[in-house]
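Welcome! Here is a short guided look at a protein fold for someone meeting it for the first time. Please keep the structure open beside you as you read.

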Amino acid sequence: MRLDDLLSPRALLVALVAVCMLTLVVAGATSSAAFGAFNAQWDGSSSIRSAAETTDAEPTIILETTAYSEYDPNGTVAFVIAPSESYTSAELARMRQFVQAGGTLVVAEDFEPQGDELLSALGADARFDGRLVRDMRYHGPTTAMPTATNVSERFSTTGVGSVMLNHGTVVEVPNESNATTLVATSEYSYLDVNDNGQPDDDEPFRSYPVVVSEDIGEGRVLAVSDPSIFINAMQERADNRAFTEQVVSGYDTVVLDYSHADSQPPIRSALILLRGSPLVQVGVGLVGFLLAGVLAREGRPSWFRRSDE
């Protein structure tokens with residue numbers, strides 16, 4: 001092929017279209033949304049999918065709560081991370097049925113009300129406090145990144161010695177509750193009520209729960225008081241990655257529930273919809289069949305033909 005052919009207007013147009021299409025595909029398949037499963041940047045949660053694959057579990061994304069019925073509750077752990085919208089009564093009923101039938105649901109929230117609404121509807125006693133927790137002794141770059149050093153035997157025996165938060169809160173548990181604290185802050189932590197960065201007289205030091213487990217029916221709920229634990233950047237802090245792997249360990253399926261989170265990439269959303277709906281699959285197949293028939297009847301368009309035809 002001659003250089004003139006490569007630099008012809010038609011060739012340049014084809015190259016430009018190919019670049020534009022590639023750009024659209026990449027943009028449509030990735031996400032910049034915080035906590036997004038397809039966001040590989042520092043604030044995404046794509047590492048949860050990696051943790052699932054490390055433990056030989058199958059990671060899957062759902063965009064509707066109706067999808068909970070498609071999985072065996074006894075072999076499934078589902079993550080709800082920082083939901084941005086409230087749930088309807090029908091949606092809450094589906095999630096409650098999933099847990100009561102043996103499923104495990106991880107609810108990670110800090111300051112927004114949707115987490116408490118979900119915990120309440122599931123029948124859990126735990127609630128998210130909503131005040132910033134700091135630790136004056138065990139922390140990361142700032143005291144607002146406390147390193148929770150009190151870890152239950154379930155995690156400590158598997159290599160999880162501490163979990164680091166990033167501007168999170170704590171979990172409130174009533175005294176009469178049967179909830180079990182799995183991870184708690186050190187005795188040098190406090191709730192910064194007035195957010196002045198210093199412990200005041202009415203902000204006592206004590207250990208606070210940050211990960212709590214409750215049995216609900218045949219299943220259980222894990223309340224995690226900082227969704228940032230699961231973002232990619234924080235997976236490199238303390239033993240957060242090992243913690244995530246232990247949470248998903250022993251399950252066949254890891255569900256990432258984004259039904260009430262920020263929007264997902266359009267191409268990924270379309271693929272999830274296509275995979276989960278036989279009716280949509282049939283519709284796409286019919287459209288493809290009809291399009292192929294039209295092209296066969298009309299022949300190749302002029303721009304697709306060789307110049308010597």
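The notes below go through the sheet, the helices and a few loop residues in turn.

This is a predicted model. At its heart, for our tour, is an open sheet of 8 strands with mixed pairing. Two helix pairs are also worth finding: α4 with α5, whose axes come within 9 Å, and α3 with α7, whose axes also come within 9 Å.

**The sheet**

- Following the sheet across, you meet the strands in the order β1-β14-β2-β3-β13-β12-β10-β7.
- Which strands sit at the edges, pairing on one side only? They are β1 (58-62) and β7 (150-151).
- Starting from the β7 edge, β7 pairs with β10 (residues 180-184) in the antiparallel sense, over 2 bridges. Here Val151 stands opposite Val183 of β10.
- Next along, β10 runs antiparallel to β12, and 4 bridges join them. Thr180 has Ser213 in β12 as its bridge partner.
- One step further, β12 (residues 209-216) and β13 (residues 219-224) are antiparallel too, joined by 6 bridges. In this pair, look for Val212, which stands opposite Ala223 in β13.
- As you trace any of these strands, it helps to remember that side chains in a regular strand alternate between the two faces of the sheet.

**Helices α4 and α5**

- Helix α4 covers residues 89-100 and helix α5 covers residues 114-122; their axes cross at roughly 60 degrees. The two are therefore oblique to each other.
- The crossing of α4 and α5 is right-handed.
- On the α4 side, the contact is made by Leu92, Met95, Arg96 and Val99, while α5 brings Leu118, Ala121 and Leu122. By class, that is 6 nonpolar residues, 1 charged residue and no polar ones.
- Helix α5 also links this topic back to the sheet: α5 lies across β2 (76-81), β3 (104-108), β12 and β13. Relative to β3, α5 runs at about 155 degrees.

**Helices α3 and α7**

- How do the axes of α3 (residues 46-54) and α7 (residues 240-248) cross? They cross at roughly 60 degrees, so α3 and α7 are oblique to each other.
- The crossing of α3 and α7 is right-handed.
- Ile48, Ala51, Ala52 and Thr54 of α3 make this contact with Thr244, Glu245 and Val248 of α7. The contact has 4 nonpolar, 2 polar and 1 charged residues.

**Loop residues to look up**

- Asp56 lies in the loop between α3 and β1. Its phi is near 65 degrees, a positive value in a residue other than glycine.
- Is Asp56 buried or exposed? Asp56 has a relative accessible area of 71%, so it is exposed.
- Ala238, in the loop between β13 and α7, has a positive phi as well, near 45 degrees, and is likewise a residue other than glycine. Its relative accessibility is 38%, so Ala238 counts as partly exposed.
- Ala261 can be found in the loop between β14 (253-257) and α8 (266-276). At 18% relative accessibility, Ala261 counts as buried, because the cut-off for that label is under 20%.
- Ala261 also shows how the chain folds back on itself: Ala261 and Ile81 are 180 residues apart in sequence, yet their C-alpha atoms are 7.8 Å apart in space.

Methods: Residues are numbered from 1 along each chain as its sequence is written. This is a predicted model: local features need pLDDT of at least 70, side-chain atom pairs count only at pLDDT 80 or more; totals for chains, interfaces and linings use all residues. Side-chain values use heavy atoms; hydrogens and water are left out. Axes are lines fitted to C-alpha atoms, for helices over the stretch in contact, and angles run from 0 to 180 degrees between N-to-C directions. Angles under 35 degrees count as roughly parallel, over 145 as roughly antiparallel, 65 to 115 as roughly perpendicular and the rest as oblique. A crossing is left-handed if the near helix is turned anticlockwise from the far one by less than a right angle, and right-handed if clockwise. Contact means heavy atoms within 4.5 Å. Ala, Val, Leu, Ile, Met, Phe, Trp, Tyr, Cys and Pro count as nonpolar, Asp, Glu, Lys and Arg as charged, and the others, Gly among them, as polar. Two strands pair if DSSP finds at least two bridges between them. Buried means under 20% relative accessible area, exposed over 50%, partly exposed in between (1.4 Å probe, protein chains only).
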